[in-house]
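Here are my notes on the model, as numbered points. Have the structure open while you read them.

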Amino acid sequence: MSSDKRRVQFRASEKLVERADALATVLGTDRTDVLTDALREYLRDAAHDDRLTQEIAGAYYDDEITFEQLKALVGPEEAANFRVLKRQLDDSLTEELADL
């Protein structure tokens, strides 16, 4: 994992921020660590959620995300499988159009 860090901003409800701050106090850390850990865990879980994985694959097939982004989201092995399938789908479409 890259050690480069990037500053981001987002809006959240006051209640959610208070809960994050309270957890940070309990853990002896800060809000950034709590939010970073939560985001990391969410992204890790998302890679194993079939419904979300299909949405990610769909975004890749529709060229909404790059292969590198796909790989970061689902892992290199599954990304490679999606790339092969996309190429097969592209070849099938090309053949169908050629037959018209």
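1. A word on accessibility to begin with: buried means under 20% relative accessible area, exposed means over 50%, and partly exposed is in between, with a 1.4 Å probe and protein chains only. By that yardstick glutamate 55 is partly exposed, at a relative accessible area of 47%.

2. The ground rules are these. This is a predicted model, so local features need pLDDT of at least 70 and side-chain atom pairs count only at pLDDT 80 or more, while totals for chains, interfaces and linings use all residues. Residues are numbered from 1 along each chain as its sequence is written, and side-chain values use heavy atoms, with hydrogens and water left out.

3. On to the overall fold. The protein has 5 helices and 0 strands, where helices (H or I, at least four residues) and strands (E, at least two) are DSSP runs numbered from the N terminus. Along the sequence that reads as α-α-α-α-α. The radius of gyration is 19 Å, well over the 13 Å from the globule rule for 100 residues, so the protein is more spread out than a compact globule. (That radius is taken over C-alpha atoms, and the rule is 2.2 Å times the number of residues to the power 0.38.) The C-alpha atoms fill a box of roughly 65 × 25 × 25 Å along the principal axes.

4. How much of the protein is buried? Of its 100 residues, 19% count as buried. The accessible surface comes to about 8,600 Å², and 51% of that belongs to carbon and sulfur atoms; these areas come from the Shrake-Rupley method with a 1.4 Å probe, and for residues only the protein chains shown count as cover. As for contacts (heavy atoms within 4.5 Å), take those between residues at least 6 apart in sequence: 28% of them join residues at least 24 apart.

5. Charges next. There are 14 positive and 23 negative side chains, with the centres of the two sets 9 Å apart. Lys and Arg count as positive and Asp and Glu as negative, leaving out His and the chain ends; each charge is placed at NZ of Lys, CZ of Arg, CG of Asp or CD of Glu.

6. A search of the whole structure turns up 5 salt bridges, a salt bridge being a side-chain nitrogen of Lys or Arg within 4 Å of a carboxyl oxygen of Asp or Glu. One of them joins arginine 51 to glutamate 55, at 2.6 Å from N to O. These two sit 4 residues apart in helix H3 (residues 50–61), so about one helical turn separates them. Arginine 51 is exposed, at 54% relative accessibility.

7. Helix H4 has a salt bridge too: the side chains of lysine 71 and glutamate 68 meet at 3.5 Å, N to O. Here the spacing is 3 residues, which again means about one helical turn within H4. Lysine 71 counts as partly exposed, at 30% relative accessibility.

8. Which residue forms a salt bridge with aspartate 63? The partner is lysine 86, with the closest N and O atoms 2.4 Å apart. Aspartate 63 lies in the loop between H3 and helix H4 (67–74) and lysine 86 in helix H5 (residues 76–99), so the pair ties together parts that are 23 residues apart in sequence. Aspartate 63 is exposed at 58% relative accessibility, whereas lysine 86 is buried at 13%.

9. While you are at aspartate 63, check its backbone: phi is near 60°, a positive value in a residue other than glycine. Most residues other than glycine have a negative phi.

10. Now for two buried residues. Threonine 53, in helix H3, is buried at 3% relative accessibility. Leaving aside neighbours within four places in sequence, threonine 53 is in contact with Ala46, Ala47, His48, Val74, Glu78 and Phe82. Valine 74, in helix H4, is buried at 10%. With the same neighbours set aside, valine 74 is in contact with Ala47, Thr53, Ile56, Ala79 and Phe82.

11. Finally, leucine 43 in helix H2 (residues 31–46) is partly exposed, with a relative accessible area of 40%. The C-alpha atoms of leucine 43 and alanine 72 are separated by 9.5 Å, with their positions 29 residues apart along the chain.
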